[in-house]
Amino acid sequence: MAAISLSLSPNPSFTTTTTHKPYHPLSTPTFLKFPTVSPSTIKSLTHAPLPQTPTPRATFSTRAAASTTPSTTFHGLCYVLGDNIDTDQIIPAEYLTLVPSNPSEYEKLGSYALCGLPDAHSTRFVVPGETKSEYSIIIAGANFGCGSSREHAPVALGAAGVAAVVAESYARIFFRNSVATGEVYPLESEVRVCEECKTGDVVSIELSESRLINHTTGKEYTLKPIGDAGPVIKAGGIFAYAREAGMIPTLTSS
């Protein structure tokens, strides 16, 4: 602790004297008494193991578990087209106001399928006044379904009774819409089948074997496997597939 002395002389000065208290190490006060414990008296705590309850996990059952390729066969008359068939030819924009979820308007969409084809196609895909086509399989060239991204295009074909389209290649958005809606199978051919088949030929498609058979000419063609898209289309589209697989709840009426 510091002590200060003051001088009253004309020239005052200050002197500081510092005194230190002796340091005492920290020690236990005498009035606190702690018992001494021998190490031998300390016992370790024991407890019974808790029962192991398995954590519940979501399980999914899907029809695609056994095979990603549905064992489906399509048989019927084919309708042959060329390259670059766009969505405006498949279903013109003036009919896009029709709502596919409405059954009557869904049928109307089928009656307008491929009505946008140029006059060079003398054979109508759907006979005027009808809602279904007699051609259940379409065979086309490259870039089928190009143009705008309207999902009405595969819906209109499905509504007209088309089961599958066999093309040399597809516009990506048409392929995706076909899978998402589950309306038609967009199958790709290894060769230009459209140059070897004619409208009205009787054909079959074996999905499990990825094979197209033209019974009129007797020729067979190898198709590219549909892969994981097959079960989605077979279920009726991406939402129907998700419900079957348990990915989203199934709506039930109370």
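**Exercise 1. Surroundings of Cys-115**

Which residues does Cys-115 touch, not counting residues up to four places away in sequence?

Solution. The model is predicted, so local features need pLDDT of at least 70 and side-chain atom pairs count only at pLDDT 80 or more, while totals for chains, interfaces and linings use all residues. Residues are numbered from 1 along each chain as its sequence is written, and side-chain values use heavy atoms, with hydrogens and water left out.

Step 1. Contact means heavy atoms within 4.5 Å. Cys-115 touches Gln-89, Ile-90, Pro-92 and Tyr-95.

Step 2. Place the residue. Cys-115 is found in the loop between helix H2 (103-111) and E4. Helices (H or I, at least four residues) and strands (E, at least two) are DSSP runs, numbered from the N terminus.

Step 3. Check one partner by backbone distance. Gln-89 is 26 residues from Cys-115 along the chain, and their C-alpha atoms are separated by 6.6 Å.

Step 4. Assign the exposure. Buried means under 20% relative accessible area, exposed over 50%, and partly exposed in between (1.4 Å probe, protein chains only). With a relative accessible area of 30%, Cys-115 is partly exposed.

**Exercise 2. The sheet**

State the strand order of the open sheet, and describe the pairing of E4 with E5.

Solution.

Step 1. The protein has six helices and nine strands. Seven strands form an open sheet with mixed pairing, in the order E6-E5-E4-E3-E7-E8-E9. Two strands pair if DSSP finds at least two bridges between them.

Step 2. Find the edges. Strand E6 (185-188) and strand E9 (219-222) each pair on one side only.

Step 3. Neighbouring strands of this sheet are turned by 30 degrees against each other on average, direction ignored. The axes are lines fitted to C-alpha atoms, for helices over the stretch in contact, and angles run from 0 to 180 degrees between N-to-C directions.

Step 4. Strand E4 (residues 135-139) pairs with strand E5 (residues 164-167) in the parallel sense, over three bridges. Ile-139 has Val-166 in E5 as its bridge partner.

**Exercise 3. Charged side chains**

Count the salt bridges, then explain what the pair Arg-150 and Asp-88 ties together.

Solution.

Step 1. A salt bridge is a side-chain nitrogen of Lys or Arg within 4 Å of a carboxyl oxygen of Asp or Glu. The structure holds seven salt bridges.

Step 2. In the pair of Arg-150 and Asp-88, the closest N and O atoms are 3.2 Å apart. Arg-150 lies in the loop between E4 and helix H3 (152-159) and Asp-88 in helix H1 (residues 87-90), so the pair ties together parts that are 62 residues apart in sequence. Arg-150 counts as buried at 15% relative accessibility, and Asp-88 as partly exposed at 39%.

Step 3. Take Arg-211. Its side chain meets that of Glu-209 in a salt bridge (2.5 Å, N to O). Arg-211 also forms a salt bridge with Glu-220, with the closest N and O atoms 3.1 Å apart. The relative accessible area is 22% for Arg-211 and 49% for Glu-220.

Step 4. Turn to Glu-206 in strand E7 (residues 202-206). Glu-206 is buried yet has no salt bridge, and the nearest side chain of opposite charge, Arg-211, is 4.9 Å away. For this purpose Lys and Arg count as positive and Asp and Glu as negative; His and the chain ends are not counted. Leaving aside neighbours within four places in sequence, Glu-206 is in contact with Thr-72, Thr-73 and Arg-211.

Step 5. Asp-83, Glu-168, Arg-192 and Glu-195 are linked in a network of salt bridges.

**Exercise 4. Cores and burial**

Which element gives the most to the largest nonpolar core?

Solution.

Step 1. A nonpolar core is a set of buried Ala, Val, Leu, Ile, Met, Phe, Trp, Tyr and Cys residues joined through side-chain atoms within 4.5 Å. Among the 28 residues of the largest one, those touching the most other members include Ile-90, Ile-138 and Leu-157.

Step 2. E4, H3 and E5 are the elements that give two or more residues to this core. H3 gives the most, with four residues.

Step 3. A second, separate core of 26 residues includes Ile-137, Ala-163, Ala-164 and Leu-187.

Step 4. For the whole protein of 254 residues, 35% count as buried.
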